[in-house]
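Thanks for making the time, everyone. I would like to walk through one model this morning, beginning with strands, moving on to the ligand, and ending with the packing of nonpolar residues.

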Amino acid sequence: MTSTLKISRLTKAFDGVTALAEVSLDVAPGERVALLGHNGAGKSTLMKVVLGLIPWDAGEVTVTGAAPGSREARDKVAYLPENVAFHPALTGLEQLRLYLSLRGEKPGRAMELLERVDLAGAAKRRIGTYSKGMRQRVGLAQALIGKPRLLVLDEPTSGLDPVSRRDFYALLDGLAADGAAILLSSHALTEVEARTDRIVILSRGRLVASGSLADLRQTAALPVAMHVMARNGYTSQIAEALPGAIHVGGALHLTCPQEEKLNVLSRITGLGDKVADLEVLPPSLEDIYSHFSRRDAR
Ligand SMILES: Nc1ncnc2c1ncn2[C@@H]1O[C@H](COP(=O)(O)OP(=O)(O)OP(=O)(O)O)[C@@H](O)[C@H]1O
């Protein structure tokens, strides 16, 4: 399938400071990609290049086969900046009508867009009275104009409460199911872990990891943690059977390399009734993210 976004060996420096170094990334139609990285990793720079807002030094970038910033690309790309700003004196409805006219579309669609982001009830209130989450939703409604094929969202859920975040991702799921590619940056790791198809980690301008969470987990090969709860009176016997386990509260905690996980589990189950309960904790996205960021910093 042809990629919606194709980036090949993209390099960009600002006054001799490298912001992006040979970054390659393809995003397929309907794919939801999360861009992660510390402050200054290059996420916004990459987005600005994709949007055609800044030139780049080397490499190739195409958006739906067109050059970033070209008329064709702009027609198919939507952007939601992190701190979206609107005119505070306009109502949500007026703001959306204005954007629709600027895009050459019927202003009459404004209410339908506000309904999609659950803002119909506040459509006739001034944006100056909206909460941050409501302004963010006006931003999303604006990004939905013209059936975009690529949505570029810069920290779209920062400042949203958990319910608004869930609704926001549900909306993105619908757009992705309709074939739109989504590239979003975030610092909220647990949230992207559940709601995106692929995770891309940038570190100091370089792409250091790309794949599903399962792929990254496998590549990182981080240890697995286990919490073993002993039945009354058996804690020391279990501790003896599991060298390296440490007492934390009433449980025993141990870690082991991925490849030894099944051996350790069979040792634990061999302890029979002495074990009251067992929890196996795979490495979280936070662990994986730190692993790749640290590895790159060395
Ligand atoms: N206009 C600019 N002039 C000079 N340097 C810049 C400019 N824009 C970005 N940079 C530098 O490029 C690097 C990447 O910055 P960028 O804003 O892309 O990071 P980011 O990953 O989006 O960070 P954050 O999470 O803080 O938004 C940083 O070293 C930054 O200082």
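Please keep in mind that what you see is a predicted model. I begin with strand E1, residues 5-14, which pairs with strand E4, residues 58-63, in the antiparallel sense over five bridges, and in that pairing leucine 5 has valine 63 of E4 as its bridge partner. E1 also runs antiparallel to E2, to which seven bridges join it, with alanine 13 standing opposite threonine 18 of E2. These two strands, E1 and E2, form a hairpin with two residues between them, and aspartate 15, in the turn, has a positive phi of about 45°.

That brings us to the ligand, since Asp15 is one of the residues around it, along with others including Phe14, Val17, Lys43, Ser44 and Thr45. The elements that contribute two or more residues to this shell are strand E2 (17-27) and helix H1 (43-51), and H1 gives the most, with three. Sorted by class, the shell holds four nonpolar, six polar and two charged residues.

As for the wider context, UniProt, in an unreviewed entry, places an ABC transporter domain at residues 5-229, and over that stretch the chain is 34% helix and 28% strand, with the end C-alpha atoms 49 Å apart.

Finally, the packing: the largest nonpolar core has 68 residues, and Val152, Ile182, Leu183 and Val200 are those with the most contacts inside it. A second, separate core comprises eight residues, among them Val228, Ala230, Ala245 and Val264.

Notes. Residues are numbered from 1 along each chain as its sequence is written. This is a predicted model: local features need pLDDT of at least 70, side-chain atom pairs count only at pLDDT 80 or more; totals for chains, interfaces and linings use all residues. A residue is near a molecule or strand if its C-beta atom, placed from the backbone, lies within 6 Å of it. Helices (H or I, at least four residues) and strands (E, at least two) are DSSP runs, numbered from the N terminus. Ala, Val, Leu, Ile, Met, Phe, Trp, Tyr, Cys and Pro count as nonpolar, Asp, Glu, Lys and Arg as charged, and the others, Gly among them, as polar. A nonpolar core is a set of buried Ala, Val, Leu, Ile, Met, Phe, Trp, Tyr and Cys residues joined through C-beta atoms within 7 Å. A residue is buried if 20 or more other C-beta atoms lie within 10 Å of its own, exposed if 12 or fewer, and partly exposed in between; C-beta atoms are placed from the backbone. UniProt positions are given in the numbering used here, feature names are shortened, and annotations may be inferred rather than shown by experiment. Two strands pair if DSSP finds at least two bridges between them.
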